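The exercises below are meant to be worked through with the sequence and the coordinates side by side. Each task is followed by a solution that proceeds step by step.

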Amino acid sequence: MVTQTAPQSSSQGAQGPAEPSARQVAGRRWRSARGVVAALLAMVVVAVILAALRPSTSPDALDPTSPKPDGSRALVEILRQHGTQVTVARHANDAVDQARPDTVIVVTRTERLTNEDLVLLSNVQANLLLVTPTSFALADLAPRVREDVPGPTEADAPGCSLQAATLAGAVTLHEAMTYEVTGPGTQCYGTKYGGARLVQVQNGANTVTVLGSKGPLTNRRLTEEGNAALSMNLAAGSGSSVVWLIPDLPKTGSGAGQKSLGDLLPFGTKLFFLELIVAVLLVALWRARRLGPVVAEALPVVVRSAETVEGRARLYRAGHARDRASDALRSGARERLVPLLGLPRSHAQDPSAAQEIVTAVARRTPYDEPYVGAALYGPQPVDDAGLIALSDVLDDLERQVRQS
């Protein structure tokens with residue numbers, strides 16, 4: 001077994017090559033890792049930019065009385081000007097009390113609804129418009145609708161037969177969630193990935209519409225594309241009155257604020273993690289291209305063969321690799337026995353020559369062929385004691401062949 005290369009010539013001096021300094025080692029490590037560091041810094045910068053560009057949800061978001069950019073006062077005023085009665089409710093029980101069969105209840109800020117509120121809304125005899133509902137609200141109010149991944153934000157055609165969408169045409173749904181419907185239902189503004197940003201299903205005698213974006217209802221986005229038409233058509237529907245439910249913050253301990261981990265993550269954070277996965281894959285591919293053939297290098301020190309054997313044996317033992325250890329012992333024994341038996345060296349690892357080797361060894365030793373065959377080609381030992389016993393048997397076979 002070759003465990004080392006030839007020693008360095010004496011012309012290099014007794015001291016050998018100079019060891020690299022700490023600065024040189026640090027420089028080599030920095031040059032090898034600077035690409036990964038640059039990629040991580042770029043992702044951090046992008047994450048900061050996304051967090052800065054996306055404001056957090058304010059308390060006035062979708063508030064029908066708020067004139068702020070994320071409020072919905074403009075839409076409510078337009079509905080009233082067109083003869084639709086709009087009632088603002090701050091509690092679910094107030095919304096249920098004021099609802100009639102021809103009423104559309106616009107349900108916003110569903111993260112503030114308690115279990116009792118969701119039960120009330122699920123039993124109300126009125127149509128529902130759910131605006132970016134949480135997964136808990138979907139499970140109670142639209143059981144056949146499932147959340148999908150966030151969809152693109154560009155303006156898109158309806159692609160469905162829903163009258164409210166076809167009359168509005170293309171709309172701009174900013175930061176929109178997509179949904180899937182299991183069973184009968186209408187899906188509009190679909191994406192190439194399979195989800196839809198507006199779905200409508202029947203829940204008994206009532207119609208439940210799920211909108212994956214609050215942008216069309218806000219003062220800021222109301223004038224973009226067909227957002228105003230879509231919002232008016234969905235909110236007013238075929239009814240003559242609208243109950244706009246924007247729940248107040250519930251009292252502590254009332255069981256509100258139920259959100260899954262996906263609901264708690266902002267849209268920009270989801271994009272950041274998606275970008276992080278893509279960046280890691282690109283870095284892995286970039287580093288994989290740098291792999292080349294194995295290069296043989298001179299060992300810096302002389303290693304005794306006995307130490308190499310002992311170290312390899314300890315690795316086998318630590319990994320409980322008795323199968324590989326026994327194969328190595330038997331392979332080495334056959335390699336040494338074949339020349340002593342006058343057989344070609346290629347027979348040592350040739351399965352078709354196993355019987356010939358076993359017969360030749362049995363003739364030179366007092367053991368029969370089954371015993372020799374089990375030693376040279378038998379199953380792996382079941383424990384370490386069996387592996388040691390196999391090593392002793394192979395040594396005995398080799399010794400007797402040499403002495404015969």
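**Exercise 1.** In the loop between which strand and which helix is the place of Thr132? Determine also its phi and its degree of exposure, then treat Leu62 in the same manner.

Solution. The model is a predicted one. Thr132 sits in the loop that runs between strand S3 (127-131) and helix H5 (135-141). Its phi is near 40 degrees, which is a positive value in a residue other than glycine. Most residues other than glycine have a negative phi. With a relative accessibility of 27%, Thr132 counts as partly exposed, because partly exposed covers the range between the 20% and 50% limits.

Turning to Leu62, we find a residue that is not a glycine and yet has a positive phi, of about 60 degrees. Leu62 belongs to the loop between helix H1 (22-53) and helix H2 (73-81). The relative accessibility of Leu62 is 2%, so this residue counts as buried.

**Exercise 2.** Which residues of helix H13 are buried, and against which helices do the buried residues of H13 pack?

Solution. Begin with the helix itself: H13 comprises residues 369-377, and Val372, Gly373, Ala375 and Leu376 are its buried residues. Viewed down the axis of H13, these buried residues fall within an arc of 165 degrees, and therefore they line one face of the helix. The next step is to look for their partners, which are helix H11 (322-340), helix H12 (354-364) and helix H14 (384-403). Finally, inspect the N-terminal end of H13, which is capped by Asp368, with a side-chain oxygen of Asp368 lying 3.2 Å from the backbone nitrogen of Tyr371.

**Exercise 3.** What is the volume of the second largest pocket, and which residues lie nearest its centre?

Solution. The volume of the second largest pocket is about 710 Å³. Its lining consists of 23 residues, and those nearest the centre are Val309, Ala313, Tyr316, Ala325 and Leu329. To assign the lining to secondary structure, note that helix H10 (305-318), H11 and H14 each contribute at least two residues to it. H11 and H14 are also among the helices against which the buried residues of H13 pack.

**Exercise 4.** Is Ser241 buried or exposed, and which residues does Ser241 touch?

Solution. Ser241 is located in strand S9 (residues 241-245). At 5% relative accessibility, Ser241 counts as buried. Leaving aside residues up to four places away in sequence, Ser241 touches Thr84, Gln85, Arg100, Asp102, Thr103 and Val104. With one of these, Thr103, Ser241 forms a side-chain to side-chain polar contact of 2.9 Å.

**Exercise 5.** Where is the place of Val119, and how is its exposure classified?

Solution. Val119 lies in helix H4 (residues 115-122). Its relative accessible area is 46%, and Val119 is accordingly partly exposed. A C-alpha to C-alpha separation of 9.8 Å is found between Val119 and Ala137, which are 18 residues apart along the chain.

**Exercise 6.** How many helices and strands does the chain have, and what percentage of its residues is buried?

Solution. The chain contains 14 helices and nine strands. Of its 404 residues, 36% are buried. Among contacts with a separation of 6 or more, 65% link residues 24 or more positions apart. The chain exposes about 23500 Å², of which carbon and sulfur atoms supply 57%.

Methods:
Residues are numbered from 1 along each chain as its sequence is written. This is a predicted model: local features need pLDDT of at least 70, side-chain atom pairs count only at pLDDT 80 or more; totals for chains, interfaces and linings use all residues. Side-chain values use heavy atoms; hydrogens and water are left out. Helices (H or I, at least four residues) and strands (E, at least two) are DSSP runs, numbered from the N terminus. Buried means under 20% relative accessible area, exposed over 50%, partly exposed in between (1.4 Å probe, protein chains only). Contact means heavy atoms within 4.5 Å. Accessible areas come from the Shrake-Rupley method with a 1.4 Å probe; for residues, only the protein chains shown count as cover. The arc is that of the directions from the helix axis to the C-beta atoms. A polar contact is a pair of N or O atoms within 3.5 Å; within protein, one must be able to donate a hydrogen and the other to accept it, and residues adjacent in sequence count only if both atoms are side-chain atoms. On a 1 Å grid over the protein atoms alone, a cavity is a set of points where a 1.4 Å probe fits but cannot get out, and a pocket is an open set with protein on both sides within 12 Å along at least five of seven lines; lining residues have an atom within 4 Å of a point. Grid points are joined across faces, edges and corners, and a volume is the space filled by probe spheres set on the points.
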